[in-house]
Every structure is written in structure tokens, then in C-alpha cells.
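Welcome, and thanks for taking a look at this one with me. Please have the sequence and the model open side by side as you read.

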Amino acid sequence: MANPPIILVPGFWLGAWAWDDVAQKLRAGGHDVTALTLPGLESLGSERSAVSMEDHVTAIVETIESAGSPVVLVVHSGAGFPGYAATDRVPDKVAAAIYVDTGAGVGAMDPDFDGDEYPLPDAEQLAEEENLDGLTEEQLKTFRERAVPQPGGTLREAIELRNDARLDVPTTVICTAFTADEYKEAVAAGYGFVKGLGELRDVTYVDLPTCHWPMWSRPDDLADLIAQVAERAGSRLEGR
């Protein structure tokens, strides 16, 4: 059996373009790859005021279903929330889940957020809030030029999880801006953005020390890790 299709979902402010280097290497290795732009993040001119978390979950689920066979779902940063909800909707169609510097988010990211959109912070604030290790000035410039504000509804809306079959989806957490030990501490503390990791039955933590955007700072290494998960998932599917 061929390796399962890989779906790449970027986090806040990003479109499918953010995965270009990773997708290129995976495709060169023979993998079927789809990078997704979530609703409202297509361009600065996109309508965002009415975009909900449900819209993001639906977009991921529809992409999974269109693959035609179980997939490896790769989600980054804020996409950990709709990504986990997608595994709740179609657990039988997710051969493996990968969380890139994020976790299986539960609840609302920021229930008190009241704006229509959340723009990328200015350079100084971003440097204070996020790990930028390994990013070049050119990459940061591109990020700022192409960033699209995150739809506000996705921050304040929570998705109800109902299907315990999601708990058996084999899951890998690729820890970049924080270590695996720090992620496990966050799970133990009950933080919402990693809360689902505490209930999953098959979780592997992998350290890849770099910034919060490893698809730019260490794309080849990230692609290799994703490929390894896809190959293991393919072996499991073949053994069924």
C-alpha cells in the first residue's frame, strides 16, 4: 500500500504557501501532499467577520474526505484546535495526526476576544511573544508581507467533541519552540491548547529545536519527520 496522503494546515495568519518548502520535499519523496488555506485567510481582502471555528473544522474535514483514503493530518499552531475537532468528526479517516509546535486544542482559544479579526502583531511584539530562532530577516519580511489577520470568530468559539474514537488516532507532537518536557508540563497543567493530548491513547513527542515556524527554519528536518510518520501509518494500514 502507498503511504497515506498528507494534509498540511498552517496556523494563524498563514495560507497554504507557508508549507511550500516542506511540501516540495515531501512530494520529491513520492508523497501525495495537499496544503490547505483556511477560510478567511485567503487574502487581505477576504471576508473574515463571519468566519467561525466551525468553518475551519469543516474545511479540514472536507479536505480529509476528498483524499479518498485515510490521511496524515498535520496542523500547526492555532490550527491545533480545528485539527483536533476534525479528528473527532472523522477519526476513521485520519491514519495519524501531527501537531507542529501545538497540541490538540480543547475549548475556545480566547473566549473574551471581541474583534472581527486578529492581525499579526508588530515586529517588536512578535519577538516578545514568540520564539523566532533560526528565521532569517528575509523570511520575517515575507511573513509580514503575506500575513492575513486571523478571523476573530475562530478565537472565541469552542467546538464540542463527541466521538471518543478520536482518542485512538496515533498522534505525534513535534516540539520546536518548546521542548517535549515543557509540552508534557503544559498538558499536566491543563492548558487548553494541549488539553486533548492528555486524553489521547497514543502520543509520541519529538524534539526539533528551532522557532515556532519550523516549516521555514528547518523545512527539510520537518519534512523528514512528517514522512516518517506517514510511512509508519502506511505500514499500519497495510497490516489491517
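The numbered points below go from the whole chain to two helix pairs and then to three single residues.

1. A word on the source before anything else: this is a predicted model. Please keep that in mind for every value in this note.

2. Let's begin with the overall make-up. The chain has nine helices and eight strands. Its radius of gyration is 17 Å, close to the 18 Å that the globule rule gives for 240 residues, so the chain is as compact as a globular protein of that length. If you would like to picture the extent, the C-alpha atoms fill a box of roughly 50 × 35 × 35 Å along the principal axes.

3. Next, the interior and the contacts. Of the 240 residues in the chain, 52% are buried. Take the contacts between residues at least 6 apart in sequence: 80% of them join residues at least 24 apart.

4. Now to the helix pairs. Two packed helices are described by the angle between their axes and the distance between the axes. Start with helix α2 (residues 53–66) and helix α3 (residues 80–89), whose axes come within 9 Å and cross at roughly 55 degrees. Angles from 35 up to 65 degrees fall outside the parallel and perpendicular classes, and α2 and α3 are therefore oblique to each other. The crossing of α2 past α3 is right-handed.

5. Which residues make the contact between α2 and α3? On the α2 side they are Met53, Glu54, His56, Val57, Ile60, Val61 and Ile64. On the α3 side they are Phe81, Pro82, Gly83, Ala85, Ala86 and Arg89. Sorted by character, the residues of this contact are nine nonpolar, two polar and two charged.

6. The second pair brings in the C-terminal part of the numbering. Helix α1 (residues 20–28) and helix α9 (residues 219–239) have axes that come within 9 Å and cross at roughly 50 degrees. α1 and α9 are therefore oblique to each other, and α1 passes α9 in a right-handed crossing.

7. What meets what between α1 and α9? From α1 come Asp21, Val22, Lys25 and Leu26, and from α9 come Pro219, Asp220, Leu222, Ala223, Asp224, Ile226 and Ala227. This contact is built from seven nonpolar, no polar and four charged residues.

8. While you are at α9, have a look at Asp221, which is placed in that helix. Asp221 is partly exposed, with a relative accessible area of 31%. Its C-alpha atom is separated by 28 Å from that of Tyr191, and the two residues are 30 apart along the chain.

9. Is Thr172 buried or exposed? This residue of strand β7 (residues 171–175) has a relative accessible area of 8%, under the 20% cut-off, so Thr172 counts as buried. Leaving aside neighbours within four places in sequence, Thr172 is in contact with Ala97, Ile98, Tyr99, Thr204, Val206, Val229 and Arg232.

10. Last comes Thr176, found in the loop between β7 and α7 (180–189). Thr176 is buried too, at a relative accessible area of 5%. Not counting residues up to four places away in sequence, Thr176 touches Asp101, Leu208, Pro209, Thr210, Cys211, His212 and Pro214.

Definitions and conventions
Residues numbered from 1 in each chain as written. Predicted model: local features only at pLDDT ≥ 70, side-chain atom pairs only at ≥ 80, totals over all residues. Heavy atoms only, no water. Axes fitted to C-alpha atoms, helices over the stretch in contact; angles between N-to-C directions. Helix = DSSP H or I, 4+ residues; strand = E, 2+ residues; numbered from the N terminus. Parallel < 35°, antiparallel > 145°, perpendicular 65-115°, else oblique. Left-handed = near helix turned anticlockwise from the far one by under 90°. Contact = heavy atoms within 4.5 Å. Nonpolar A, V, L, I, M, F, W, Y, C, P; charged D, E, K, R; others polar. Buried < 20%, exposed > 50% of the residue type's maximum accessible area, 1.4 Å probe, protein only. Rg over C-alpha atoms; globule rule 2.2 N^0.38 Å.
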